[in-house]
Amino acid sequence: SEYDLKACIIEKKNDVATGASCANSGIVHAGFDAKPNTLKAKMNLRGNALMEQVCKDLSVPYKRNGSLVLAFSDEEMQTLQELYERGIANEVDGMSILNREQLLSIEPNIGDEAVGALRAETAGIVCPYSLTIAAAEVAVMNGVELKRNCEVTAIDFTDGIFTLHTTLGDVRSSFVINAAGCFADDVSRMIGDESLHIVARRGEYYILDKSVGNLVTHTIFQCPSKMGKGILVAPTTHGNLLIGPSAIDIDDKDDVSTTSEGLNEVSSMALKSVPGATTRFAITSFSGNRAHDIKNDFTIEPSKVNDHFIHVAGIESPGLTGSPAVAELVAEILGS
């Protein structure tokens, strides 16, 4: 919206930040987890560097509280070393590996089984829905049109112009940015592009009362798996404690229900990290679906079918962290 152009945001739901942008952990990741030389790694590092100023400009709550990845065995201590080396390859600053004594000196409420941790001082927390809403507000104030309750049902391309058929009528544009989350592959197929394969991966959470919000000051992770970064215990910018998410691939991309199985997993794993993070302090539970690309990286590039159609797809973790950097890259693609 800072450029001399006409732009329109087409939002399927009744407002922004009602999908994946709302139902996530609000973590600004340091950048040690992503594989080196991937878009995830590049966007994470640049986004982390930009996020504090972006939040300041938008008056959005942000705190650089640092993170800890816990190890519960000698084998997991080796995993921490691998994450540390990956972080060095990704040019992440402020990392160190702590033994149990060092860990307890900064987080005394950690569970008895933890034998050490990887500390990343550049990690932070942000309010994800405040960030999304503030960005949309600035865009609208700068002249961008926001169409809500507006679902794209088909796309035509004739004489260099896209016609997006929506539930609120047709929208015509020279360029389309496909940032449709879990539905990015469905939108892509509307122009005959079959290259994207997005899986909805549901994560369930509890929010705990502010009375236990100071149990930990860092964001507490467990060692990651192929399904994600595992169950975390994290302070929020509003003073609560967040625990979750679970991770299960689902067929219905709109299904954001919670399950007893998922929430029980969240509870038991969180207690392993922080025994005081018990769900008797829970004030609510919720779930959200993240857009997992089967190739396990972001896709930010023009479509091979039509180079005026820009994919911004598979933006799962660390998508929130990388969002300012993703914006820079998309603007660069559009300007080239």
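Helix α1, residues 39-58, doesn't run straight: there's a kink of about 40° in it, centred on M51. Keep in mind while you look at it that this is a predicted model. M51 is also one of the residues of α1 that are buried, and the full set reads K40, A41, M43, N44, G47, N48, L50, M51 and C55. So what sits on top of those residues? The cover comes from several parts of the chain, including the strands β2 (27-28), β3 (62-63), β7 (124-126) and β19 (299-302), along with the helices α4 (128-141) and α7 (319-335). Just after the helix you reach S59, which has a positive phi, near 55°.

Now zoom out to the whole chain. Its secondary structure comes to seven helices and 20 strands. Why call the fold compact? A compact globule of 336 residues would have a radius of gyration near 20 Å, and the protein chain has 20 Å, so the two agree. If you prefer a box, the C-alpha atoms fill one of roughly 65 × 40 × 35 Å along the principal axes.

The contacts tell you how the chain is put together. Take those with a separation of 6 or more: 73% of them link residues 24 or more positions apart. Of the 336 residues, 46% are buried. On the outside, the protein chain exposes about 16,000 Å², with carbon and sulfur atoms supplying 49% of that area. As for charge, there are 28 positive and 45 negative ones, and their mean positions lie 2 Å apart.

Next, some backbone details worth checking if you plan to look at torsions. Where are the cis peptide bonds? One joins G244 and P245, with omega about -5°. Its proline, P245, is in the loop between β16 (241-244) and β17 (248-250). Another cis peptide bond joins S317 and P318, and here omega is about 5°. P318 belongs to the loop between β20 (309-313) and α7, and α7 brings us back to the opening topic, since that helix is among the elements covering the buried residues of α1.

Positive phi values turn up in loops too. A17 has a phi near 60°, a positive value in a residue other than glycine. You'll find A17 in the loop between β1 (8-10) and β2; β2 is another of the elements that cover α1's buried residues. Is A17 buried or exposed? Its relative accessible area is 13%, so A17 is buried.

D159 has a positive phi as well, about 55°, although this residue is not a glycine. Its place is the loop between β9 (152-158) and β10 (161-166). How accessible is D159? Its relative accessibility is 78%, so D159 counts as exposed.

Finally, have a look at S267, which is located in helix α6, residues 260-273. With 14% relative accessibility, S267 counts as buried, because the cut-off for that label is under 20%. Which residues does S267 touch, leaving aside its neighbours within four places in sequence? The answer is Y206 and T279.

Terms used: Residues numbered from 1 in each chain as written. Predicted model: local features only at pLDDT ≥ 70, side-chain atom pairs only at ≥ 80, totals over all residues. Heavy atoms only, no water. Helix = DSSP H or I, 4+ residues; strand = E, 2+ residues; numbered from the N terminus. Rg over C-alpha atoms; globule rule 2.2 N^0.38 Å. Buried < 20%, exposed > 50% of the residue type's maximum accessible area, 1.4 Å probe, protein only. Contact = heavy atoms within 4.5 Å. Areas by Shrake-Rupley, 256 points an atom, 1.4 Å probe, with all protein chains shown as cover. Lys, Arg positive; Asp, Glu negative; His and termini not counted. Charge placed at Lys NZ, Arg CZ, Asp CG, Glu CD. Bend = angle between axes of the 7 residues up to and from the residue.
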